[in-house]
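User: I would like to understand how the labels given to a structure follow from numbers. Could you take me through some of them step by step?

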Amino acid sequence: MPLSLRTIEPVYLGRRPLKEEETGEEVVQVAVTHNAVLGALVQLASLVRHADDLFCDLADECQAVFEHTEKIIHRVKRIKEGVARLDSKKVTIREYYQLYKSSIRL
């Protein structure tokens, strides 16, 4: 059986033992109804806590992706600026053809 990461509580909404003073038929019905409503509210509160955890984790992941994307954008800008500064007319290109031709003897 896998371990659950998040469990919504309470599982059984209206299962609370009644007190001794809750003995009349109408009082029992009201007590059971109140227990069920209270259990539902507690369960909703538990669900909200878990949803908050999930959205906080999601926000952290989105922030990490955003920061990584910003780093990549800055790297690309630096490379783009470096490439823009290059000028092929100013750089001397060695003649490899002469070296290649002299190294091959037929």
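Analyst: Let us begin with a rule: the expected span of a helix is 1.5 Å times one less than its number of residues. Please keep in mind throughout that this is a predicted model. The protein has 2 helices and 0 strands, and the rule can be tried on helix 1, which covers residues 25-85.

User: How do you know that the length of helix 1 fits its number of residues?

Analyst: Helix 1 has 61 residues, which at 1.5 Å a residue should span 90 Å, and its end C-alpha atoms are 90 Å apart, so the expected and the computed values agree.

User: Why is Leu 41 called exposed or buried?

Analyst: The cut-off for exposed is over 50% relative accessible area. Leu 41, a residue of helix 1, has 51% relative accessibility and therefore counts as exposed.

User: What makes Leu 44 partly exposed?

Analyst: A residue is buried under 20% and exposed over 50%, with partly exposed in between. Leu 44 also lies in helix 1, and because its relative accessible area is 49%, the label for Leu 44 is partly exposed. Val 42 of helix 1 has a relative accessible area of 42%, so Val 42 is partly exposed too.

User: Which residues of helix 1 are buried, and what share of the protein is buried?

Analyst: In helix 1, the buried residues are Ala 31, Asn 35, Gly 39, Ser 46 and His 50. Of the 106 residues of the protein, 6% count as buried.

User: Which residues form the nonpolar patch on the surface?

Analyst: The patch consists of Val 37, Leu 41, Leu 44 and Leu 47, which together have about 370 Å² of accessible area. A patch residue needs over 30% relative accessible area, and Leu 44, at 49%, therefore passes that cut-off.

User: Which residues far along the chain can be set beside Leu 41 and Val 42?

Analyst: Leu 41 and Leu 13 are 28 residues apart along the chain, while their C-alpha atoms are separated by 9.2 Å. Val 42 and Glu 9 are 33 residues apart in sequence, with 7.2 Å from C-alpha to C-alpha. Among contacts between residues at least 6 apart in sequence, 62% join residues at least 24 apart.

User: How many disulfides are there, and how exposed are Cys 56 and Cys 62?

Analyst: A disulfide requires a pair of cysteine sulfur atoms within 2.5 Å, and by this rule the count is 0. Cys 56, at 38% relative accessibility, counts as partly exposed, and so does Cys 62, at 46%.

Notes: Residues numbered from 1 in each chain as written. Predicted model: local features only at pLDDT ≥ 70, side-chain atom pairs only at ≥ 80, totals over all residues. Heavy atoms only, no water. Helix = DSSP H or I, 4+ residues; strand = E, 2+ residues; numbered from the N terminus. Buried < 20%, exposed > 50% of the residue type's maximum accessible area, 1.4 Å probe, protein only. Contact = heavy atoms within 4.5 Å. Patch = residues over 30% accessible without salt bridge, like charges linked within 9 Å, V, L, I, M, F, W, Y side chains within 5 Å. Areas by Shrake-Rupley, 256 points an atom, 1.4 Å probe, with all protein chains shown as cover. Salt bridge = Lys/Arg side-chain N within 4 Å of Asp/Glu carboxyl O.
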